[in-house]
Amino acid sequence: MIERMPLMEKATNIQECLRVFGNGPLTSNDIDKFYYQFANLQRIDITRHLEYRLQTNTFSYGKYILAGHRGVGKSTELTRAKRNCCSYYSVVIDASDAFGSGSLNYTNLLVELVNKVGRSVIDAGIIEANDKAFDFLYNYWDTEIQIKSVVENVNSYEKKYSNEISAKGNITTKFGVLDKLKLLLSIGMKGNINSSSSYSEFGTVDEIINKTISKNDNIFLEALNMMLDRVQEKLNGKRLLIILENLDKTPYNKVAYEIYNTHATVIINMHAAIIGTFPVYALYSPEYSNIKDVYDDVFNLGVVQILGVNHDYLDDGIVSLKQLVYKRMEKFLIEENALEFAIKISGGLIRDLFSLLVGAATNAGISGKSQIGMADVEEWAYQMEDSYGKFLNSSEMLSRIKNIFEHPSAQFNDDLLRNLLRFDLVLEYRDGVYVVHPMVLDWANRRGFLNGSYH
């Protein structure tokens, strides 16, 4: 997981703009200074809904999904939820931490979940590393793959891993053994591993783990829930909240399908409240009806709406995005017309707006200027437009783009729409309104594929 440094203060010069707009999601320390609350008409306050649902959902653990385009602020909203839900003890599981050796399957994420929850409560002094909370999972793995033998004899399999593995610490506690199992998974260690299904099986640890859990994940779930119940006992009245981050991002979105659909039983029956991210285009998949039926709710964090169905720019959305930017930088650092152009060409997608400002600030800084001008923004916008254009690789895509531009409220639900949403070529606002990303529209117009404009 990438560690985000606090932003400290708003930018007062061009160089600092790169830090405040290129640092990723807000940390908990940044929210009070830099978070901007959009009006409900522009974008619903997902965090307030999540917080209320979690606090009132006392009859079950609560399982929720947060969907949305990449870069709309899902991670920041999850940080707010973690901070605001004071009756919960929160543990964040980042999908990128679960896949160190290239394997992409939901069992890696489950092992990471065990490791991260255990490590969190141990480091917080809530339980000890030899607590009985870890007996159940230790016994599960000892039965399935003779876990301690695998961990202790790793050097006989692959000498090149010895330094990395020994640096992780000892295995005198049962959590220590589980901790090393996660390490062996992440580095892709290979060897002959004794398993209950066959006396000895050669392969990577993550391959064996995947086969073991997949053949009967209910047994693993039972052992996991015994650990979670024990953790819950030690939380002094708080409830456990697990946040699954970055499952909406490529390539982890494949695992999102497994976690939320194919193997939803494990998540649904886990003894903890869970909030997980989900790619927006997957809301239009045939499997989505199954997902919506089994989860308590699915929230869709929309793009900030700055365009209406009549191709007109909406002043309220533009003003709000200006205020968002001015929370992070002094006004004198950018010409107002340049900022307004950046907002309009971004379509209201915060990630693209911030990318534009980073690129424009770089252009201005290289030129020795103390203020971002229109030319700086336009130059970077053209580069981003060309990047989007590379995804428009079929006549069907161009035809659908034209159709959506002409009929923003038209309803589609097919693979073509999913791909357009996946690559942010089309943006979804609230209430089923779709717009062609202004950068895509500009790219298509410049090449004669379309003849339309926003005004």
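What share of the 455 residues in the protein chain do buried residues make up? Buried residues, meaning those under 20% relative accessible area with a 1.4 Å probe and protein chains only, make up 55% of them. Before I go on, this is a predicted model, in which local features need pLDDT of at least 70 and side-chain atom pairs count only at pLDDT 80 or more, while totals for chains, interfaces and linings use all residues. Residues are numbered from 1 along each chain as its sequence is written, and side-chain values use heavy atoms, with hydrogens and water left out.

The secondary structure comes to 22 helices and 9 strands, which are DSSP runs numbered from the N terminus, helices being H or I with at least four residues and strands E with at least two.

Turning to the interior, the structure holds 3 cavities of 30 Å³ or more, a cavity being a set of points on a 1 Å grid over the protein atoms alone where a 1.4 Å probe fits but cannot get out, with lining residues having an atom within 4 Å of a point. The largest has a volume of about 70 Å³, a volume being the space filled by probe spheres set on the points, which are joined across faces, edges and corners. Its lining has 10 residues, of which V111, V114, W141, L178 and L181 lie nearest the centre. The elements giving two or more residues to that lining are α5 (106–123), α6 (135–145) and α10 (174–187), and the largest share, 4 residues, comes from α10.

Helix α6 is also the place of I145, which counts as buried because its relative accessibility is 2%. I145 and I208, 63 residues apart in sequence, are 8.3 Å apart in space, C-alpha to C-alpha.

Notes: 1 Å grid on protein atoms, 1.4 Å probe; cavity = no way out; pocket = protein on both sides within 12 Å on 5 of 7 lines; lining within 4 Å. Buried < 20%, exposed > 50% of the residue type's maximum accessible area, 1.4 Å probe, protein only.
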